[in-house]
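Dear colleague,

I am handing over the structure below, together with some notes on what was found in it. Please read them with the coordinates open beside you.

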Amino acid sequence: MAGQIPRQFIDDLLARTDIVELIDSRVPLKKTGRNYAACCPFHNEKSPSFTVSPDKQFYHCFGCGANGNAITFLMEFEQLEFVESIEELAQIHHLEVPREQSLHPQRPTAQADDYSLMQQATDFYQQQLQQHPNSASVKDYLAKRGLSQQTISDFAIGYAPDGWDNLLKRLSPSNNKALREQLIELRLINRSDNGREYDFFRQRLMFPIRDRRGRVIAFGGRILGDGTPKYLNSPESRLFHKGRELYGLYEARQQPGHLEQVLVVEGYMDVVALAEQDIRFAVACLGTATTSEHMHTLFRYTPRVVCCYDGDRAGLDAAWRALQSALPKLKDGVELNFVFLPEGEDPDSLVQKEGKIAFLQRIQDAVPLTQYFFQRLMQEHNPATDAGKSALSVQATELIKQIPSDFYRDTLLDKLANLLGQTRQQQKKTSFKSANKLKPAKIKITPMRRAIGLLLQYPNLVNIMPNAPELAHSNIPGIGLLLALQQRLQQQPSQTTAQLLECWRDLPEHNILLKLASWQHQIEPEQLSQEFVDTFHSIEDQYLQQRLEALERKDKLEQLSKVEWHEYKLLLQALKSKKPKLAN
């Protein structure tokens, strides 16, 4: 389940982590009784149905069913892989993540020293900017672009000198084949068809691309002088997926206070030029259009996203693609706006011409999504004609139905109805019903599920749970899981709900455990112990009944032995003397 990370370390990490504090730093929580609540960060809602339990170290949304422990929250909220979530928690607690030795070692998805090599490359490029014989001309170029030494340092900008193997010699001075393969996999060097190895970036201004934890995962390089392409990005690797990452997001998040808005621009130089003017909330996509994942990420960190594009045809097309990517991610409480710059201008050139205050005013006056949506559609369809109305209605409706937000959906439908000359009621009939009613499926609580759920939510109940090893031989569904929980808690009595859930991650039982961990049992605290014991005894009765029936079936086919006959009489007597137990 945990790969090469020791199970004990994961348990310790969860024990050190206060899930309330972890979530509250990302989604402000309010205390409600013993728990904490907020509007769910995983789906659109107007009233809070997302709860966090400090006792269980577990979160659950009654609206969409999202639930889990601190690791799961980071995986879902920050869009991290499992190991990345472990590393994030370890960093919070200033711990190093240990690794177990494997008898059959193999290259993991992201080696621990991948990030070290990327940082070494960053250091090399920064050093070359200061010490290379050509550094004076590079610095002169940066000065002409208006960048101060502080901005250069903040973004770790460097220089990849001309030459075939400068970086290769620095990172792999000896012919270490394994290391060179790793450098190729990280896209720091290339290998030609004839086997020659050479630096991927040469004679370029270098922009390190950082992930959300500040680790360098790729580079963008701008050509110095003539040549193509003007900008060159690292190819995708096990560290870098361009459709998920945003240049400058890490730096923007380092600014004091809450990230009130983010400006999406097209290039690295736009981001750093705006930072030079103390506009430190700009990010850039990495050689790709703004994706749905980008929008998903941005709305996690800020309520206001402003897309800034050139006013030419390419810029307008980019804005429309960004809007379409954003629609499935629009929830109540966020907004998407658009700034279109004068033709021939980009944020870099314009902010230097008109200054910070004028540029900020452009951002403040940005066109809202609800306005741009119909501006674009009406360029394609004329609502003055029946054909235009029909086409406009079909295309707009198909787009609007992707939106989870009630506010945006209703606002756009109202505008569409006005354009078509319809009433709101007519528009409702011709549009669609919202598909945003997310309700987790309820599960039937059998005695076995009741016992597992109670033990999972209140691990101290293991102290009153009878030892019944004979139950392991029964065929009652779930008995193996119940006894495994008992064994785990007997070995480690202080386990929390969150830690128990982590033991079953990636196993088939994990989904049912998640549901039982969030089961609302409506049992008074003073009745929990008796309820659990009674439930366990009902499971024992079920086993005894099964054994009795098995002996009865055998007796019809062949005579029971003396031992079996004695067992049969004892079972019959025991079941007759028992009081009725719990119903399902």
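Leaving aside residues up to four places away in sequence, E335 touches F299, P303, R304, V305 and Y408. Please keep in mind throughout that this is a predicted model. E335 lies in strand 15, and with a relative accessible area of 32% it is partly exposed, because that value falls between the 20% limit for buried and the 50% limit for exposed. A further relation links E335 to P368, since the C-alpha atoms of these two residues are 7.7 Å apart in space while the residues are 33 apart in sequence.

Strand 15, which covers residues 335–341, pairs with strand 14 in the parallel sense over 7 bridges. Within that pairing, V305 has L336 of strand 15 as its bridge partner. Strand 14 itself runs from residue 304 to residue 310, and 7 of its 7 residues are buried, so that the strand is mostly covered. Strand 14 is also joined to strand 12 (residues 262–265), with which it runs parallel, by 3 bridges, and in this pairing L263 stands opposite V306. Together with helix 13 (residues 313–326), strands 14 and 15 make a right-handed β-α-β unit.

Elsewhere in the chain there is an open sheet of 5 strands in the order 1-2-3-4-5, with antiparallel pairing. Its edge strands, each pairing on one side only, are strand 1 (30–32) and strand 5 (67–68). Strand 3 (residues 50–53) and strand 4 (residues 58–61) are paired in the antiparallel sense over 4 bridges, and F50 stands opposite C61 of strand 4. Helix 3, made of residues 70–77, packs on this sheet, where it touches strand 3, strand 4 and strand 5, and its direction makes about 50° with that of strand 4.

As for helix packing, how do helix 5 and helix 6 cross, and at what angle? The axes of helix 5 (residues 114–131) and helix 6 (residues 135–144) come within 6 Å and cross at roughly 100°, and the two helices are therefore roughly perpendicular to each other, as that angle falls in the range of 65 to 115 degrees. Helix 5 contributes Q128, L129, Q130 and Q131 to the contact, while helix 6 contributes S135, V138, K139 and L142. Sorted by class, this contact has 3 nonpolar, 4 polar and 1 charged residues.

Finally, some backbone details may deserve a look in your viewer. T228 and P229 are joined by a cis peptide bond with an omega of about -5°, and P229 is found in the loop between strand 10 (216–223) and strand 11 (231–233). H94, although it is not a glycine, has a positive phi of about 55°, and A156, also not a glycine, has a positive phi of about 55°. H94 is placed in the loop between helix 4 (82–92) and helix 5, whereas A156 is placed in the loop between helix 7 (149–154) and strand 6 (158–160). Which of the words buried and exposed applies to H94? At 74% relative accessibility H94 counts as exposed, because that value is over 50%, whereas A156, with a relative accessible area of 4%, is buried, because that value is under 20%.

With best regards

Technical notes: Residues are numbered from 1 along each chain as its sequence is written. This is a predicted model: local features need pLDDT of at least 70, side-chain atom pairs count only at pLDDT 80 or more; totals for chains, interfaces and linings use all residues. Side-chain values use heavy atoms; hydrogens and water are left out. Buried means under 20% relative accessible area, exposed over 50%, partly exposed in between (1.4 Å probe, protein chains only). Two strands pair if DSSP finds at least two bridges between them. A crossover is right-handed if, with the strands pointing away from the viewer, the path from the first strand over the helix to the second runs clockwise. Axes are lines fitted to C-alpha atoms, for helices over the stretch in contact, and angles run from 0 to 180 degrees between N-to-C directions. Angles under 35 degrees count as roughly parallel, over 145 as roughly antiparallel, 65 to 115 as roughly perpendicular and the rest as oblique. Contact means heavy atoms within 4.5 Å. Ala, Val, Leu, Ile, Met, Phe, Trp, Tyr, Cys and Pro count as nonpolar, Asp, Glu, Lys and Arg as charged, and the others, Gly among them, as polar.
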